[in-house]
Structures are given as C-alpha cells and as structure tokens.
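Visitor: I would like a close look at a single part of this model, followed by whatever is needed to place that part in the rest of the chain.

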Amino acid sequence: MQPRNMSMSGVVDLAAVKAAQEAKAKAEQARAEAARQGGTGAVSPADLVIDVDEAGFEREVLQRSAEVPVVIDFWAEWCQPCKQLSPVLERLAVEYDGRFLLAKIDVDANQMLMQQFGVQGIPAVFAVVAGQALPLFQGTAPEEQIRGTLDQLVQVAEQRFGLTGLTVDPDARPGGAAGAGAEAPVGPYDALLNAAAEALDAGDLDGAVRAYQNVLADDPTHPEAQLGLAQAELLRRVQGMDPQRVRREAAEQPKDAAAQIAAADLDLVGGHVEDAFGRLIETVQRTAGEDRDTVRRRLLELFEVVGPEDPRVIGARRALARALF
C-alpha cells in the first residue's frame, strides 16, 4: 500500500524522504502549538468520525492529514453495502483510539471529490497521509482484512511520516482514563534519522547516506532507514547527471544496461515510476548474463525506493518474473 498524491501521480515519486520529514515537522509543530496554547489537543472519541464536503475537504482532510492519517469512506444513502461497511469503519475509528481519523463523504452531494479520487463504485475507501492519497479497497471486506489494511496504514504513516495520530481525551473514553494508552517512547535512532534529514535538506547526500548506514549497521531491518538510504543513494546517483545526454544515450542504445539504468534513475526521480520500471523490465528482456543481472538488481533497488506495498511495485514484480522465467 503506497500513497499517491492528489494529482494521482504517485507517492514517493521521490517526495518520500523530504515529504516525510516535512510531514514530521508539521506534526511536531501542531503538537507544540497545542501545548503552547495550554492544551494537549485531545479530542473525544466522537471527533474521530467526521462528515466532510467539498468546501471543508482541504481543512478537514488535507490539512489534518499532516498530523493523523485520514481514512475516507465514500458512501451514499441508497448504497446497501455502504450500510454494512460504514458502521464497521466507525467502530474501528474509535477502537484505534486516534491512530486514524475517519472522514465520511456522501458521493451524491460531492461529485467533484468522487471524480478527483477516481471512484468507480461505492463503497470505496481511500486514505490521505501527509497530503498524499492512496486507495485502500473498494466494496465490502471482512473485518479482519480491514484491520490488516488499517494496521498497515498506521504503520506506514508513523514510520515514514512521523504521524502518531490524535490524542484522545482519556476522560471521554468509555471507562475514563483507565483505557488510555501510553505515549509512544522516543525511538533510539531519532538523532541519526534527524541528522540524515538535515543532511538531505542541506544537499549533503553523502552525509545522509552515512547517517542511514549508521542506523542500519545497528538495526539492519529498520524500515525508515532502509527507505531513506535507498532514496538518498538514488538522489546521489542522479546528482550531476546531464538529463538530455542520459536520455539520448538510452534512446540510441536500447540494449546498453548502464544507459538504461541511468535513464530509469532519472525517470524515478522525475516521478515517472511506471516508466522507470517498464524501461528496466524491457532491458531485462533484451539482455543476458551479467548485464541482465545488473539491471535486475537495480530494479529491485528501485522497488525499495517506492515501497514494496505500492501496487505499481507489485505489478512490476510480476512483470519481472515473467521476463526472467
């Protein structure tokens, strides 16, 4: 599951590291502002489910998605499956205790939003994370499957964008403060990850790579460091490239692995995810031996940049398997 932005072009069209850090900064600013005003910004469970229309979409969904994942339930009064799904989503919104906000959009009254998201039928469920949208599922689904999708959404929002959700007023919970969860502890690698983000902002790609590598040396499976390293290395590879020369050489030498790899890197940095994947899959088909393996390995690296749960990655993996076997 990988977000795509509101222009529907895709999430980490490389925005990922920088967008993630910006989202984290906005979330921290929102929490700091709430504290400065003498409050915790706590909401009641009833505030976790909201009705949204076109006029309030930017404020209630886009802006709030900088502090909490917003799940969107597209529904209509005449839709019988919607009447089965919506109560489940509303109950889970309360049960997840502020880790996501549920926004309900009546498609009959908000046709423009329905068209913008490309909704083909309802019920349809999307999410917006740090201003970027992703499809979750369409139609009804078993509760266990819905929980799995929501768990993945919450994990991606926290690990990639630093969105820890809303604070729910303990006194407003059923049973009062006894049901309150403990605040998440500060991660052991926050200083290194912050250093990597600062290096990226300063254009110090070598420094960012070193910082992420330092995290991975201690925790080889750390997801944020893995993603950050893959993206920082990609940015470092394209730094100083002459795009016109790279694309000319790729066009003139369709079987040249190095030329196609360089062009695919530029494709991905420019947000052309499917073009990058398609270019390398075609090159795998045209090459053999060591060249073919080199192209395959770079394609796998680009999968890591975009995220293994992205539907474009899933589709490209299938295409790669067909090309190889």
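Leaving aside its neighbours within four places in sequence, which residues is V52 in contact with?

Guide: The model is predicted, and what follows is computed from it. V52 is in contact with F57, E60, V61, A103, K104, I105 and N110, once neighbours within four places in sequence are left aside. V52 itself is found in the loop between β2 (49-51) and α2 (57-63). Its relative accessibility is 5%, and because buried means under 20%, V52 counts as buried. One of its contacts, N110, is 58 residues away along the chain, yet the C-alpha atoms of V52 and N110 are separated by 9.1 Å. For the protein chain as a whole, residues 24 or more positions apart account for 70% of the contacts with a separation of 6 or more.

The chain around this loop has 13 helices and 6 strands. Of its 325 residues, 48% are buried.

Some backbone features lie in other loops. Most residues other than glycine have a negative phi, and most peptide bonds are trans. D97 has a positive phi of about 60° although it is not a glycine; this residue sits in the loop between α3 (80-95) and β4 (101-106). With 24% relative accessibility, D97 counts as partly exposed. A130, in the loop between β5 and β6 (132-138), also has a positive phi, near 55°. A130 is partly exposed, its relative accessible area being 22%. The peptide bond from I122 to P123 is cis, with omega near 0°, and P123 is placed in the loop between α4 (111-116) and β5 (124-129).

Next come the nonpolar cores. In soluble globular proteins, nonpolar side chains tend to be buried together. The largest nonpolar core here has 29 residues, of which L268, F277, L280, L299, L302 and F303 touch the most other members. The elements giving two or more residues to this core are α8, α9 (243-252), α10 (257-269), α11 (273-286), α12 (289-306) and α13 (311-324). The largest share, 7 residues, comes from α10. Another core, of 28 residues, lies apart from this one, and among its members are V61, V68, M114 and V119. V61 is also one of the contacts of V52. Back in the largest core, L280 is in contact with Q260, I261, A264, V295, R298, L299 and L302, leaving aside neighbours within four places in sequence.

Helix packing can be followed through α8. Two packed helices are described by the angle between their axes and the distance between the axes. Helix α7 (residues 205-218) and helix α8 (residues 223-238) pack at an angle of about 155°, with axes 9 Å apart. The two are therefore roughly antiparallel to each other, and their crossing is left-handed. On the α7 side the contact residues include L205, V209 and Y212, and on the α8 side they include L229, A232 and R236. By class, the residues of this contact divide into 10 nonpolar, 3 polar and 4 charged.

The axes of α8 and α10 come within 10 Å and cross at roughly 115°, again in a left-handed crossing. This contact is made by L234, L235, R237 and V238 of α8 and D265, L266, L268 and V269 of α10. It has 6 nonpolar, no polar and 2 charged residues.

Definitions and conventions. Residues numbered from 1 in each chain as written. Predicted model: local features only at pLDDT ≥ 70, side-chain atom pairs only at ≥ 80, totals over all residues. Heavy atoms only, no water. Axes fitted to C-alpha atoms, helices over the stretch in contact; angles between N-to-C directions. Helix = DSSP H or I, 4+ residues; strand = E, 2+ residues; numbered from the N terminus. Parallel < 35°, antiparallel > 145°, perpendicular 65-115°, else oblique. Left-handed = near helix turned anticlockwise from the far one by under 90°. Contact = heavy atoms within 4.5 Å. Nonpolar A, V, L, I, M, F, W, Y, C, P; charged D, E, K, R; others polar. Core = buried A, V, L, I, M, F, W, Y, C linked by side-chain atoms within 4.5 Å. Buried < 20%, exposed > 50% of the residue type's maximum accessible area, 1.4 Å probe, protein only.
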